[in-house]
Amino acid sequence: MEIMNVALIIAGGTGARMKQNIPKQFLNVFDKPVIVYTLEKFQACREIDAIVVVAVSGWETMLWAYAEQFAITKLKSIIAGGACGQDSIYRGIAEIGKYYTGEDIVLVHDAIRPMVSEEIIEGCIRVVKEKGNAITVIPCQEAMLETKDQESTVSSYPREQLKRTQTPQGFFLQDLMDMHREAKEKGIVNSVATCTLAVELGRILYFSKGSEKNLKLTTVDDLDIFKALLKEEKEGWIKC
């Protein structure tokens with residue numbers, strides 16, 4: 001049986017740190033919502049068979065309209081998010097489980113990482129098939145300082161022992177289901193990401209290659225960088 005690859009796009013956050021009137025994944029950048037840029041990357045990737053989105057409650061109809069407008073034909077389901085990120089991911093996994101088997105691959109991805117590349121997506125899938133899971137990471141280039149009071153430090157941490165995590169984070173569907181069931185049994189209810197949940201449960205994780213361009217849009221400064229990257233892409237296309 002052929003393994004199917006499903007993108008689970010997490011768009012359930014309200015984006016309080018962006019200080020905007022609407023969730024940041026729905027902000028328009030050059031007349032297109034951020035989440036559409038993200039969906040287009042998975043739509044264009046040949047390895048992706050379907051897309052499921054966990055969205056902010058009340059935005060489902062709008063998102064279906066965007067999918068029709070921008071030809072996101074791989075979109076299979078949109079469901080409302082939960083009380084926290086872990087719950088939202090669980091809801092997405094449960095939805096995927098209605099249509100796919102435990103042997104299929106799920107790539108959990110932040111809706112607010114719209115610059116993810118086909119190379120990153122396909123690399124993540126490849127490592128899952130080879131190792132059993134894949135966490136997209138990049139090296140830690142900066143000097144890392146430890147702090148207890150958030151204002152000062154007397155110690156550092158070796159940066160070569162650190163990785164900065166990104167998404168997608170890929171797992172077989174059955175493993176995700178097992179992890180969330182075990183987390184519930186152990187009272188783990190608010191892990192910040194799929195990779196941290198796996199670590200809390202004692203799983204060994206494997207790395208796939210990310211990129212500095214695969215940024216997460218958290219602040220207004222991040223939006224400015226995103227706009228600059230889009231302009232760079234457009235100018236490069238014109239020169240070709």
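Select lysine 74 first, which sits in the loop between helix H2 (60–69) and strand E3 (75–80); helices (H or I, at least four residues) and strands (E, at least two) are DSSP runs, numbered from the N terminus. This is a predicted model, in which local features need pLDDT of at least 70 and side-chain atom pairs count only at pLDDT 80 or more, while totals for chains, interfaces and linings use all residues. Residues are numbered from 1 along each chain as its sequence is written, and side-chain values use heavy atoms, with hydrogens and water left out.

Lysine 74 is buried (under 20% relative accessible area, with exposed over 50% and partly exposed in between, for a 1.4 Å probe and protein chains only). Show the residues in contact with lysine 74 (heavy atoms within 4.5 Å): leaving aside neighbours within four places in sequence, they are Phe42, Gln43, Cys45, Ile48, Asp49, Ala50 and Ile51.

Two of these, Phe42 and Gln43, lead to helix H1 (residues 34–44), where they are among the buried residues, and where 8 of the 11 residues are buried.

Next, select helix H3 (residues 85–96), whose end C-alpha atoms are 17 Å apart, in agreement with the 16 Å that its 12 residues should span at 1.5 Å a residue (the expected span being 1.5 Å times one less than the number of residues). Among the buried residues of H3 are Ile89, Gly92 and Ile93, and the buried residues of this helix pack against strands E1 (5–11), E2 (50–55), E3 and E4 (105–110) and helices H5 (173–186) and H6 (194–200).

Finally, display the whole protein, which has 7 helices and 9 strands, and whose C-alpha trace spans about 55 × 45 × 35 Å along its principal axes.

Technical notes: Lys, Arg positive; Asp, Glu negative; His and termini not counted. Salt bridge = Lys/Arg side-chain N within 4 Å of Asp/Glu carboxyl O.
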